[in-house]
Amino acid sequence: MDQSYMKTKSIFPLVMAMSIPNILSMLINSLYNIVDSFFVARISEQAMNAISIVYPIQNLSLAIAVGFGIGINAQIAQLMGRGEDHKAGVAGTVGMVLALVHGIAVFLICRMLLPRFLGLYTQDAEILAMGIQYGNIVLLFSGVQHLFIGVEKIYQSLGKMKTTMVAMSFGCIVNIILDPILIFGMGPIPAMGIAGAAWATGIGMTLELLLYWAVYLAAPIPVRFTRENLHFDRQLLGRLYNVGIPASLNMALPSLLISALNSILIQFSQVYIVVLGAYYKLQTFVYMPANGLIQGIRPLIGYNFGAGEQERVKKIHRLTLLISTVMMVTGTAVCLACPEWLMGLFANQPETIREGAAALRIISLGFAASAVSITACGCMEGLGMGMPPLVISLLRYTVLIIPGAYLLSRFLGAAGVWHAFWVTELIAAVISWFYYQHALAVHTVKK
């Protein structure tokens with residue numbers, strides 16, 4: 001399959017063609033997150049609290065899967081850009097086997113540690129029981145999750161964005177349909193409560209993986225998963241993990257952040273735990289479309305860099321930054337316009353809605369600045385650079401925000417935690433801009 005269009009087609013229509021399917025699928029994924037939490041919140045506020053404290057564990061598993069998938073994506077895109085199709089097949093095959101190994105390891109380790117972890121954030125027996133029940137079921141599907149994300153990143157590296165859009169949308173729609181049926185019961189299906197939400201998530205992921213497999217069998221792609229391609233070459237492993245490990249740590253940092261912020265917020269009220277959990281569901285409507293944009297341009301960056309088209313790499317970065325900034329400004333406008341309504345999707349208590357609306361107004365002030373950091377990280381991952389994005393994310397999720405949240409909370413109470421978000425994003429944006437320019441120059445010279 002000829003992929004030379006990645007270095008010959010006009011940049012704006014190329015970026016749109018690669019990104020719009022991902023953006024649409026991410027919007028559907030965001031809708032799933034909202035609907036899933038909406039139905040759980042209808043069970044009780046305790047149920048919403050339960051999935052809020054499980055979220056860091058879920059995000060950790062997702063981070064490892066997506067992070068390593070980014071490593072596969074970057075490697076295949078660059079190899080295809082150099083015309084080394086066979087090596088791309090080896091990278092894809094080895095990557096999928098390792099993805100399954102990672103999923104099994106996540107299941108075994110996280111399920112063992114789940115009760116002790118949840119016990120750090122609640123002493124309420126009902127919340128703890130629901131959290132353990134939900135977490136145990138979701139973790140059963142860790143292997144499935146890592147496999148479907150791995151194959152998703154392979155299809156994205158080949159420019160098959162419509163395929164990934166259909167597959168992700170299919171999984172999310174199945175989940176949305178199953179949520180009310182399994183949570184509240186319908187016909188012969190008994191009401192399962194919070195366990196129903198977990199089963200809906202797992203079934204959706206499984207059907208998504210099966211759809212990918214059916215497409216793979218029906219329409220061959222250049223990257224073939226064969227026994228002959230299963231070569232655990234040391235250099236290949238080094239390149240996969242050189243991007244995969246930092247990218248996984250990068251995406252896992254929100255889990256650390258949420259856990260740290262929960263520890264600060266619990267000193268003021270349990271209400272703020274629900275507010276933070278609701279915020280992280282709502283912010284997917286802002287950050288997931290931006291992530292879809294990054295997924296679209298990442299293989300373009302890798303392919304063009306591999307083909308020696310450095311000027312196109314710079315133009316793709318500038319256009320991506322402009323589009324992501326527009327997305328973030330739009331998200332800020334929505335959060336400022338109707339914060340009470342947004343929080344009302346996840347809470348019934350007036351105090352929770354009021355405090356959540358106040359949090360949204362403050363946190364959303366940092367959305368626009370975060371576009372600089374997100375774009376810089378995505379472009380550097382496309383270049384096969386793992387450490388610089390990790391450094392930027394460490395600034396955003398640990399080094400700046402956690403101490404800032406603690407110090408500001410001493411003076412402003414829980415509101416200090418919310419102010420730490422926008423302050424951190426502003427500082428990180430300035431650092432990210434200069435860091436990306438320097439890293440690109442050094443990487444180009446090395447090449």
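Trainee: Why is there no bond between the sulfur of C335 and the closest cysteine sulfur, in C338?

Mentor: The sulfur of C335 is 7.7 Å from that of C338, too far for a bond. A disulfide is a pair of cysteine sulfur atoms within 2.5 Å, and the structure holds zero disulfides. This is a predicted model, where local features need pLDDT of at least 70, side-chain atom pairs count only at pLDDT 80 or more, and totals for chains, interfaces and linings use all residues. Residues are numbered from 1 along each chain as its sequence is written, and side-chain values use heavy atoms, leaving out hydrogens and water.

Trainee: Why is C335 called buried?

Mentor: Its relative accessible area is 7%, and buried means under 20% (exposed is over 50%, partly exposed in between; 1.4 Å probe, protein chains only). Therefore C335 counts as buried.

Trainee: What makes C110 buried?

Mentor: C110 has a relative accessible area of 8%, so C110 is buried as well.

Trainee: How do you know that T352 is buried?

Mentor: The relative accessible area of T352 is 1%, so T352 is buried.

Trainee: Which residues does T352 touch, not counting those up to four places away in sequence?

Mentor: T352 touches E45, V271, V274, V275, M343 and A347, where contact means heavy atoms within 4.5 Å.

Trainee: Where is the place of T352?

Mentor: T352 is in helix 14, residues 350-363. A helix is a DSSP run (H or I, at least four residues), numbered from the N terminus.

Conventions:
Helix = DSSP H or I, 4+ residues; strand = E, 2+ residues; numbered from the N terminus.
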